[in-house]
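Student: I have a model open on my screen and would like to learn how to read it. Could we go through it together?

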2 protein chains.
Amino acid sequence: MAQHDDHSKAVKELWEKIKDVRIAMLTTAELNGMLRSRPMATQKEEFDGTLWFFTYDDSGKVGEIQRDQNVNLSYADLGKTLYVSVSGKAQMVHDKEKAEKMWNPLYKAWFPNGLEDPRLALLKVEVEQAEYWDAPNGKLVAI
Amino acid sequence: MAQHDDHSKAVKELWEKIKDVRIAMLTTAELNGMLRSRPMATQKEEFDGTLWFFTYDDSGKVGEIQRDQNVNLSYADLGKTLYVSVSGKAQMVHDKEKAEKMWNPLYKAWFPNGLEDPRLALLKVEVEQAEYWDAPNGKLVAI
């Protein structure tokens with residue numbers, strides 16, 4: 001029970017840190033080991049330890065994730081001097097109902113064909129560990 | 001010659017993007033494959049395709065870099081909607097003269113014992129590839 005409470009508290013605390021930064025840099029590993037990152041918009045779903053993003057299922061990062069599920073999401077807010085590292089495992093999810101629930105017409109800037117595009121997919125990241133820096137020293141939190 | 005000019009132009013363009021963001025999230029791979037990131041202050045050295053950071057040579061990331069030199073540096077400026085991914089190879093460098101040249105008394109917030117600390121070292125990242133997003137689509141640049 002104590003462990004459950006700790007988990008809930010850690011999840012809530014992480015969400016408070018990242019929800020307003022919103023755009024994360026998602027780092028994935030290429031086949032040759034090179035690490036690349038790309039900006040991704042965090043979906044404002046009820047956060048239970050899983051983060052959701054829209055993507056195309058033929059984009060470069062998808063191939064990288066199929067080979068190696070390990071990803072990092074970094075959230076940086078220069079103004080607030082807030083830095084968050086989220087380590088987790090990613091997978092592609094095709095769930096039209098969930099996508100409809102999360103869709104916002106503003107996303108047409110990135111996905112011009114919207115929800116009807118068969119390439120549109122969801123990227124799901126199960127969070128394993130998070131670290132915050134809003135002071136000189138970081139804080140490591142297991143999720 | 002054309003290739004040399006392209007390289008110089010790419011290096012200059014990258015520096016223009018990142019020099020004011022300054023704090024990068026450095027992503028490294030742990031032995032189990034987990035990806036972690038940490039905020040690091042980019043040194044304002046003359047940029048020739050190599051980025052420099054201060055670190056402690058007994059910090060967690062150093063062990064990770066010794067096992068796997070591949071790192072990613074992400075620079076995010078929410079206000080300017082600017083996102084930069086820098087892929088490269090990292091190594092530890094002990095060069096007191098270089099460290100003295102780059103040192104700023106403000107760094108005592110992170111390294112209270114300053115230049116006299118034997119654990120103080122430089123992390124050098126040779127940039128291999130960079131990508132920018134300051135519009136919906138990214139731009140890939142080989143350095």
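Student: How many residue pairs are in polar contact across the interface of chain A and chain B?

Tutor: Happy to help, and keep in mind that this is a predicted model. The rule finds 13 residue pairs in polar contact across the interface of chain A and chain B, counting pairs with both residues at pLDDT 80 or more. On the chain A side, β1 (23–29), β2 (35–41), β4 (70–77), β5 (82–93) and β6 (120–133) each supply at least two of the residues that touch chain B.

Student: Which strand gives the most to the side of chain A that touches chain B?

Tutor: That is β4(A), with six residues. Sorted by class, this side of chain A has 16 nonpolar, 11 polar and five charged residues.

Student: How many salt bridges does the rule find across the interface of chain A and chain B?

Tutor: Two salt bridges turn up there. A salt bridge joins B:R36 to A:E131, and their closest N and O atoms are 2.6 Å apart.

Student: Where is A:R36 placed in chain A?

Tutor: A:R36 sits in strand β2 of chain A. Its side chain makes a polar contact with the side chain of A:E30, at 2.8 Å.

Student: Does A:R36 count as buried or exposed?

Tutor: The test here is relative accessible area, with under 20% meaning buried. A:R36 counts as buried because its relative accessibility is 14%.

Student: Now the area. How much do chain A and chain B bury between them?

Tutor: About 2600 Å², and 62% of it is on carbon and sulfur atoms. A:M34, A:L35 and A:L78 supply 22% of the area that chain A buries against chain B, more than any other three residues. As for residue counts, the contact takes 32 residues from chain A and 32 residues from chain B.

Student: What turn and shift lay chain A on chain B?

Tutor: The general idea first: two copies of a chain are related by a rotation about an axis and a shift along it. In this model, a turn of 180° and a shift of 0.0 Å along the axis lay chain A on chain B with an RMSD of 0.0 Å. That is the relation of a two-fold axis. The same surface serves both copies, as 100% of the contact residues of chain A recur in chain B.

Student: Which residue of chain A comes closest to the rotation axis?

Tutor: A:A76 does, with its C-alpha at 3.2 Å.

Student: Let me try chain B. What does B:V21 touch, leaving out residues up to four places away in sequence?

Tutor: B:V21 touches A:L78 in the partner chain, along with B:Y75, B:A76, B:D77 and B:L82. B:V21 lies in the loop between α1 (2–18) and β1 (23–29) of chain B. At 4% relative accessibility, B:V21 counts as buried.

Student: And where is B:W103 found?

Tutor: B:W103 belongs to the loop between α3 (96–102) and β6 (120–133) of chain B. With a relative accessible area of 17%, B:W103 is buried. Leaving out residues up to four places away in sequence, B:W103 touches B:F54, B:K108, B:F111, B:G114, B:L115 and B:L120.

Student: How far apart in space are B:W103 and B:R67?

Tutor: They are 28 Å apart, C-alpha to C-alpha, with their positions 36 residues apart in sequence numbering. For B:V21 and B:A90, the separation is 69 residues in sequence and 20 Å in space, again C-alpha to C-alpha.

Conventions: Residues numbered from 1 in each chain as written. Chains lettered and ligands numbered in written order. Predicted model: local features only at pLDDT ≥ 70, side-chain atom pairs only at ≥ 80, totals over all residues. Heavy atoms only, no water. Contact = heavy atoms within 4.5 Å. Buried area = accessible area lost by both parts, 1.4 Å probe. Salt bridge = Lys/Arg side-chain N within 4 Å of Asp/Glu carboxyl O. Polar contact = N/O pair within 3.5 Å; in protein donor to acceptor, adjacent residues only side chain to side chain. Helix = DSSP H or I, 4+ residues; strand = E, 2+ residues; numbered from the N terminus. Nonpolar A, V, L, I, M, F, W, Y, C, P; charged D, E, K, R; others polar. Least-squares fit on C-alpha atoms with pLDDT ≥ 70 in both. Buried < 20%, exposed > 50% of the residue type's maximum accessible area, 1.4 Å probe, protein only.
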